[in-house]
Amino acid sequence: MDLKIEKIKESRIKEVDFSKLSFGKTFSDHMFICEYKDGSWQNPTIKPYGALTLDPSTSVFHYGQAVFEGMKAYKDDKGQVFLFRPQENYKRINKSCERLAMPAFPEEWFDEALRTLVALDSEWVRPGFGNALYLRPFMIATTPGVQAAPAKDYLFMIITSPVQAYYTGDIKVKIADYYSRAANGGFGFAKAAGNYAGQFYPTREAANEGYQQVMWTDDATHEYLEEAGTMNLWFRFGDTLVTCPTSERILDGVTRKSVIAVAEKLGIKVEVRPVKVSELIAAAESGEFKEAFGCGTAAVISPISGFGYKGKDYSVNRPTELYADKIKETILNIQYNRGEDPFGWRVQVK
Ligand SMILES: *Cc1c(COP(=O)(O)O)cnc(C)c1O
């Protein structure tokens, strides 16, 4: 890749108060942009972060060919910067692209662009647990014209945003008994913009009833639990930690995979199997339901304190020692180079 770099004249970093960041609102000095036209990716460029100008008829505004990724860069106490399992994201965006009839972005280009961008803006990665540079690669269709067909032109970009510890507090979730996030044969497994647009209305309805998230169920029966917002789900029944299998309706999270590996390493019994809503209710009533949490790049783990189903609330009977805390700490230690990395997940950026 012949990567062109246009550096910013003067960094904006002095204007940023790193102790008062709202998630995803502040962006670093540079961005990566690459164009797809005439059947190939061209003009890979890193340049100062800034606005795009697009024709109002641009395809993405009308037919929604848009996919993205979410990852982070972490800094250790010596100032070294690391990515966490980035190859997983390179592969996943291309799976999303394929399902939305968009061109793949070469993994080697993605890797070089990301490393160069993070290295250039490494001052924006702050050390300390919770501090990170959130990385948002994405691709949009840019062909002008309102014909409903796959576009011929695309932009692949990476923007980056400094973030602090993402602490949502304990969340209460509503189990979906009517709306669906994804269906068989659909594109629920893709990190595609449309999957999120469709969640906002039911999530707002749940928020009006006092829940922070919707826990999605399968579209055919609404009997099986799937995922929540931008998180995969975990349940602890007695001493066993359970997550449902991924499918074409569920996003295959990097954090989920990492939780499976770390929990097994910690000697926790893990089961990957379908989980029924009725099982959750029975376990909540018997007191066997000990923990529930969502997992994803933004917060690593978000504890769930209770859930609502068809107008009734249930709570999770949490012990003082939580699997969630042990697992989260182990993952953070790997991400921030504070512990050994037996899995080889850390990738240093130089
Ligand atoms: C991004 C996302 C996740 C979590 O994936 P990670 O790779 O762990 O960040 C889970 N579910 C949905 C719907 C998502 O968009």
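What share of the contacts in the protein chain with a separation of 6 or more do residues 24 or more positions apart account for? In this predicted model, the answer is 71%, where contact means heavy atoms within 4.5 Å. Local features need pLDDT of at least 70 and side-chain atom pairs count only at pLDDT 80 or more, while totals for chains, interfaces and linings use all residues. Residues are numbered from 1 along each chain as its sequence is written, and side-chain values use heavy atoms, with hydrogens and water left out.

The protein chain holds seven helices and 18 strands; these are DSSP runs numbered from the N terminus, with helices (H or I) of at least four residues and strands (E) of at least two. Its radius of gyration, taken over C-alpha atoms, is 21 Å, close to the 20 Å that the globule rule gives for 350 residues, so the chain is as compact as a globular protein of that length. That rule is 2.2 Å times the number of residues to the power 0.38. Along the principal axes, the C-alpha atoms fill a box of roughly 60 × 50 × 35 Å. Of the 350 residues, 53% are buried, that is, under 20% relative accessible area, as opposed to exposed (over 50%) or partly exposed (in between), with a 1.4 Å probe and protein chains only.

A good place to look inside is Ala 73, which sits in strand β5 (residues 71-75). Ala 73 is buried, with a relative accessible area of 0%. Leaving aside residues up to four places away in sequence, Ala 73 touches Val 81, Phe 82, Leu 83, Val 118, Val 125, Ala 132, Leu 133 and Leu 135. The C-alpha atoms of Ala 73 and Ser 122 are 8.9 Å apart, although 49 residues separate the two along the chain.

Helix α4 (residues 193-208) offers another stop, at Thr 203. A polar atom of the Thr 203 side chain lies 2.6 Å from the backbone oxygen of Gln 199. Not counting residues up to four places away in sequence, Thr 203 touches Gln 212, Val 214 and Trp 216.

Two loop residues deserve a look for their backbone angles. Most residues other than glycine have a negative phi. Arg 85, in the loop between β6 (81-84) and α2 (86-99), has a positive phi near 45°, and is buried at a relative accessible area of 14%. His 222, in the loop between β10 (213-217) and β11 (225-228), likewise has a positive phi, of about 55°; His 222 is buried too, with a relative accessible area of 13%.

Note on methods
A polar contact is a pair of N or O atoms within 3.5 Å; within protein, one must be able to donate a hydrogen and the other to accept it, and residues adjacent in sequence count only if both atoms are side-chain atoms.
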